[in-house]
Amino acid sequence: MSIKKKVVLLTTLWLVGILLAFNVTVFYSFMRITTQNEKELLMERIENILSKADAAELLKGGEGGWLESYLPDKGLVRVLDNEGKQRQLIQNDNDILPFEKEAVGQPESELYYQTTGIVLAVRTPIISAGQVAGTIEMAENLRSIQNNISILIWILALASLGAIGLSLVGGSYLSKWISRPISGMVSTMEVIEQSLEFRKIPVKPEARDELSMMGRTFNRMIDRLETSFMRQQQFVSDASHELKTPLTIIEGYANMLRRWGLKDEAKGREAADHIYSEAVRMKGLTQQLLNLASTENKTGHAPERMDLVELAQSTAGHLNKVYNRRIKVEYEAEDLILEADPSQINQLLLILLDNALKYSRNEVDLKLAAHTESGTGRAGCLITVQDYGIGIPKEELNKVFERFYRVDSSRHRKTGGTGLGLSIAKNLVERHNGTISIHSEENIGTVVNVFLPLASQSQS
């Protein structure tokens with residue numbers, strides 16, 4: 001069943017339930033009010049009879065003609081003894097069918113729904129010498145009230161049918177209004193499924209209802225999927241392009257080795273050396289691609305409390321030995337505690353310091369300082385890596401975080417760069433809710449600033 005039909009059906013059923021409860025309440029309230037008035041009148045007549053005649057006179061039997069003056073317009077008076085036997089009966093309405101005789105010990109009333117109409121019967125005990133000697137019954141045919149009840153039932157029925165009809169019409173328009181965004185969403189999804197093109201649902205900017213929120217959420221999801229899809233395509237395209245060059249070189253030297261390498265030892269050694277160097281470069285590139293993919297994956301992030309100063313000194317000491325170069329580590333305080341993944345922060349420092357060492361012949365400065373981020377007011381640590389090397393042209397600075405981008409495409413052969421390092425660094429910083437920026441001047445040097453939030457004091 002479609003949502004439209006469900007909305008119409010449920011709203012109509014709900015209205016029918018409300019109308020049913022309302023009509024039953026109105027009917028019984030009307031019956032109670034009208035019969036209560038008639039019951040009080042009959043009780044008053046009985047009291048008048050009891051005040052003018054004693055128990056013996058009422059129970060002696062006979063015609064009892066004097067009771068006719070107390071008869072209702074359409075009713076009867078019946079006197080019963082203590083055993084429920086009839087002593088007197090006066091009746092001016094033959095439409096009142098016989099009903100059960102009942103001796104009572106206290107006043108009571110009862111309604112009888114007969115084929116000829118509704119009959120109200122009132123019973124009161126006859127007291128003699130402090131004892132119950134019998135019962136006097138008075139009944140009345142509520143024909144006038146029954147006519148009013150019939151009119152009331154017709155009014156309630158017609159009003160209910162009209163309300164149900166209006167509910168069906170209103171429910172139909174309401175269901176169309178509710179299902180319109182959903183239908184649009186379904187149509188958009190079907191178009192996306194068939195054409196494999198990313199599309200969005202049109203949503204009015206001023207709309208603030210739940211359906212509009214659902215449409216905006218869907219559009220945000222499409223944006224993220226499209227971005228992820230484009231990044232995946234770019235990743236595959238860039239990786240294929242980067243792998244194509246070493247594979248072509250390996251293929252060429254392998255072919256040369258196959259043709260002449262076994263006869264010419266010098267050419268064979270040359271080919272083997274080139275094949276080996278390209279294989280090593282492919283291995284490094286593959287590892288970089290894996291690192292980039294892992295940093296873009298939200299899983300695998302295990303933050304813990306760590307000392308940034310201690311980690312920076314350890315990383316700088318390791319690179320000092322590898323490059324036989326000096327990395328100067330400066331810090332203002334020794335208690336720079338982060339809530340981060342130590343292995344990923346170590347990878348971040350390695351990337352930044354490795355880049356600085358590759359493109360600079362002088363020493364490299366690594367500075368750590370407590371810092372409050374402007375705009376957000378977050379307390380954190382500012383990591384600054386500064387080199388005094390060749391620098392980056394101003395027009396190239398906005399591209400350095402792109403995958404496989406290199407300022408000089410020829411120099412990566414000398415440095416072994418893949419153009420993925422800063423992309424990985426940016427992902428690592430963003431995973432730790434930080435920011436990264438680069439400032440550089442040609443032939444003067446480059447400064448990389450990384451802001452990472454400090455661990456909260458409650459965790460210390």
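The side chains of E373 and R378 meet in a salt bridge, with 2.8 Å from N to O, where a salt bridge is a side-chain nitrogen of Lys or Arg within 4 Å of a carboxyl oxygen of Asp or Glu. Of these partners, E373 is buried at a relative accessible area of 14%, whereas R378 counts as partly exposed at 28% relative accessibility; buried means under 20% relative accessible area, exposed over 50%, and partly exposed in between, with a 1.4 Å probe and protein chains only. This is a predicted model, in which local features need pLDDT of at least 70 and side-chain atom pairs count only at pLDDT 80 or more, while totals for chains, interfaces and linings use all residues. Residues are numbered from 1 along each chain as its sequence is written, and side-chain values use heavy atoms, with hydrogens and water left out.

**Other salt bridges**

- The structure holds 12 salt bridges, and one of them joins the side chains of R87 and D81, at 3.3 Å from N to O.
- Within that pair, D81 is buried, having a relative accessible area of 9%, while R87 is partly exposed, having a relative accessible area of 40%.
- A salt bridge also brings together the side chains of D354 and K358, at 3.0 Å from N to O.
- D354 and K358 lie 4 residues apart in helix α7 (residues 342–358), so about one helical turn separates them.
- In the same pair, D354 counts as buried at 19% relative accessibility, and K358 is partly exposed with a relative accessible area of 29%.
- A network of salt bridges links R78, E102, E108, E110, R123 and E137.

**Overall architecture**

- The protein has 9 helices and 12 strands, which are DSSP runs numbered from the N terminus, with helices being H or I of at least four residues and strands being E of at least two.
- Among contacts between residues at least 6 apart in sequence, 62% join residues at least 24 apart, a contact meaning heavy atoms within 4.5 Å.

**Burial and surface**

- The protein has 460 residues, and 37% of them count as buried.
- About 27,500 Å² of the protein is exposed, and carbon and sulfur atoms supply 55% of this area; accessible areas come from the Shrake-Rupley method with a 1.4 Å probe, and for residues only the protein chains shown count as cover.
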